[in-house]
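Got the structure open in your viewer? Here is a short tour, stop by stop, with something to select at each one.

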Amino acid sequence: MATSPWWASESFWRKTAIWVTGVSLVVLILLTFDSMRQITAGSKRVPAYSAINYRIEYKFDEKRYVQVPVRGIKEPLFGKELSEQEAEALVAKGKMTIQAKNCINCHTLLGNGAYFAPDLTKSWLDPYWGSKETREQLMVDFIKDPSNKLHNALGRRMPNLGVTDEEARGVVAFLKWMSTIDTNGFPYNFKSMQQEN
Amino acid sequence: MATTGVLDSANLNGGQKLAAKYFIAAMILFGAQLLFGLLAGLQYLEPDFLFGVLDFNVNRMVHINALVVWLLYGFLGSVYWLLEDEAGHPVVGLPLGNLVFWVLTTAVAVVVLVFLLAQAGPGEMSTIWFINEGREYIEAPRWADIGIVVSVLVFFYNVAATFTKGRYTGIGGVLVMDLLALFGLYLAGMFYVTNVSIDQYWWWWVIHLWVEATWEVMVGVIMAYGLMKTLGVRRRIVETWLYIEVALMFGSGILGLGHHYFWIGTPEYWLTIGGFFSALEPIPLVAMVVHAVFDAGVNKIKNSNHPTMAWLIAHAFGNFFGAGVWGFMHTLPQINLYTHGTQWTASHGHLAFFGAYATINIAFFYLAMQKWRGNVWMEDALPGNGWKWKWALGLLSMGTVGMTMAMLVSGYEQSQIERAIEGSTWAGYFVAQAHPWFVQGMWWREAFGLMTAAGYALLVWDLLTIGRGEQRPMVDVQDKLTVLSGRASATAIGAT
């Protein structure tokens, strides 16, 4: 093994491994800076938390050929308009509750999580809640005490997780805010509830 | 002098004694993974089973966390197993390494107990610190995160210092760099943020860059050592292959991360980048199959440990099919739009984790038992013709493949009915969940889960008994090679 061709030599592949890894990492870091800019709350793709003061619609975009969230008329959550700070505090309460109650090991958020219960990405817009007049209260009531309410014909139920009224309102705020995120058309073909008056 | 045919720790070097502890803990956690997986699987069929006592989210959390921890324990053990041999130096800081094992294991036990007994807490920071972080795969509360970081720092020090005081082989160099990346990435999962897009962005740095990059390189390292040990493949060959694998793995896997950034709010360019690079991800796995099978063939499959060799080959194919083929099937965004968040992912997850990681850990468990019992014979003509290890391999593999296929059927049905037709509403989700094709998949999954569990039971029994009372010594693979072909090259093993 005195001489091996360059393509079979250890040192060539060692250098290649180092270079490929280094370049990939640099590209990933550069893209991460750009992605962070584009997904900070208040950006075009990920709206500010005060978006919960508005009606959220999910409409087909002819140009992109996918559905995208669209901010509609003013329609404050729980009938009370919140400042950016107040909205963020409420959404944060909801996000913290979603983590503390381990929601992601039954549900998916943006499609990530477990598959035992429905995806929550557009749950704010789900026709299950009937009409926009009843939705907020139904959601709060359901989250606080779900186990004896109608779920489905399978008998699969959500357990009572001891969610307080404040936490449940936070969760609803979080879900409404999450429905404003531009997810490149996921979930596809989602059939939103009727929200027009 | 060490005895033959009985478990005697005098047969092991310092690092290997510690490795044995990690392996035992890993096997126990493997059992926990299967148990809680079966419970969660049963809840798909009988929703009232343990409702309000151990709900699905608790069982599923323990299922996936036991998985992650037992695989990591297997890796830590495997590294301690090969460390002294590879570095040519006793493990530096072994007492500290032992202490860390007990601290880490106690922490794992406490976390599991809290998961089972406390389960959830109020929507406050205190829950995230002490009960449950509520982020899939890395649910361990923050106090445990910090404990894990301290433990792995000690582990990293032990490994790096041992190589530094001994010698840095190619395997050693790749291993140290990989561990640095693997542990560094864990930090990306240790903060709370309200913005769910940013949360998931960094969460995937941990999850993806672990299982589709640094863990893959880790098993490349373990495989390289395993092939040298069992087949007597020359170091120059395994190390050249290792560099090729690192280049292909990181070259595709680092930007392949983009396939998790299709639908979480991240910009559209990830659709292209993620699709392209993740489509390349199977390539290094093909390389690993070629490497393992070619080397085995060149050596006429003469090896010193049949169970280990069989599990290494199972790893090569399992990694390619589970991670490579099953991953590729739904990685392009045009498909993933319909499969993301369905049983497709679970199907892929089961075959990939088993094929890529469980198999190679089990291979090392057999390597450990062989040496622990005094370097005994572990080839053909074992008592009962080695039926236990063969059946364990068969049942575990077929059980996992069966679960994978069952969930794939359910996943296809979900993609079609829940996603494409019904549009992922609550009602659409349950229409799909109630469909006979879906339900049938869940029944088959549970049945094959039981088969997997039977394979596990047999594996435990075999590991406890293989080589017991064996008086025939291991025939060193290098002698065999010399006999086989008279090749002088066999003596080059161990030399760079």
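Start in chain B and select B:N385, which counts as exposed because 9 C-beta neighbours lie inside 10 Å, and a residue with 12 or fewer falls in that class. Check its backbone: B:N385 is not a glycine, yet its phi is positive, at about 60°. To get your bearings, B:N385 sits in the loop between α13 (343–372) and α14 of chain B. Keep in mind throughout that this is a predicted model.

**Next stop: another positive phi, in chain A**

Now select A:Y65. This one also isn't a glycine, and its phi is positive at about 65°. You'll find A:Y65 in the loop between β1 (54–61) and β2 (66–74) of chain A. Is A:Y65 buried or exposed? A:Y65 is exposed, with 8 other C-beta atoms within 10 Å.

**While you're in chain A: a cis peptide bond**

Move along to A:F186 and A:P187 and show the backbone. The peptide bond from A:F186 to A:P187 is cis, with omega near -10°. A:P187 belongs to the segment after α4 of chain A.

**Zoom out: all of chain A**

Colour chain A by secondary structure. There are four helices and four strands, and from the N terminus on they come in the order α-β-β-α-β-β-α-α. Now turn the chain around and look at its outline. The C-alpha trace of chain A spans about 80 × 40 × 35 Å along its principal axes. The radius of gyration of chain A is 22 Å, while a compact globule of 197 residues would have one near 16 Å. Of the 197 residues in chain A, 45% are buried. As for how the chain meets itself, take the contacts between residues at least 6 apart in sequence: 59% of these join residues at least 24 apart.

**Bring chain B back: where the chains meet**

Show both chains together. How many residues of chain A are in contact with chain B? The count is 69 residues of chain A against 66 residues of chain B. On the chain A side, α1 (10–39), α2 (84–100), β3 (108–109), β4 (112–113) and α4 (165–178) each supply at least two residues. Select α1(A) for the largest share of that side, 14 residues. Colour the side of chain A that touches chain B by class and you get 35 nonpolar, 20 polar and 14 charged residues.

**Into chain B: a helix pair**

Select α6 (residues 170–186) and α7 (residues 196–231) of chain B. Their axes come within 10 Å and cross at roughly 160°, so α6(B) and α7(B) are roughly antiparallel to each other. The crossing of α6(B) past α7(B) is left-handed. Turn on side chains to see who meets whom: the α6(B) residues include B:I171, B:V174, B:L175 and B:D178, and those from α7(B) include B:W205, B:L209, B:W210 and B:T214. Sorted by class, this contact has 16 nonpolar, one polar and one charged residues.

**Last stop: α15(B)**

Finish with helix α15 (residues 426–434) of chain B. Which of its residues are buried? They are B:W426, B:G428, B:Y429, B:F430, B:A432 and B:Q433. Now add α14 (387–421) and α16 (436–465) of chain B to your selection, since both are among what covers those buried residues of α15(B).

Terms used
Residues are numbered from 1 along each chain as its sequence is written. Chains are lettered from A and ligands numbered from 1 in the order in which they are written. This is a predicted model: local features need pLDDT of at least 70, side-chain atom pairs count only at pLDDT 80 or more; totals for chains, interfaces and linings use all residues. Two residues are in contact if their C-beta atoms, placed from the backbone, lie within 7 Å. Ala, Val, Leu, Ile, Met, Phe, Trp, Tyr, Cys and Pro count as nonpolar, Asp, Glu, Lys and Arg as charged, and the others, Gly among them, as polar. Axes are lines fitted to C-alpha atoms, for helices over the stretch in contact, and angles run from 0 to 180 degrees between N-to-C directions. Angles under 35 degrees count as roughly parallel, over 145 as roughly antiparallel, 65 to 115 as roughly perpendicular and the rest as oblique. A crossing is left-handed if the near helix is turned anticlockwise from the far one by less than a right angle, and right-handed if clockwise. The radius of gyration is taken over C-alpha atoms; the globule rule is 2.2 Å times the number of residues to the power 0.38. A residue is buried if 20 or more other C-beta atoms lie within 10 Å of its own, exposed if 12 or fewer, and partly exposed in between; C-beta atoms are placed from the backbone.
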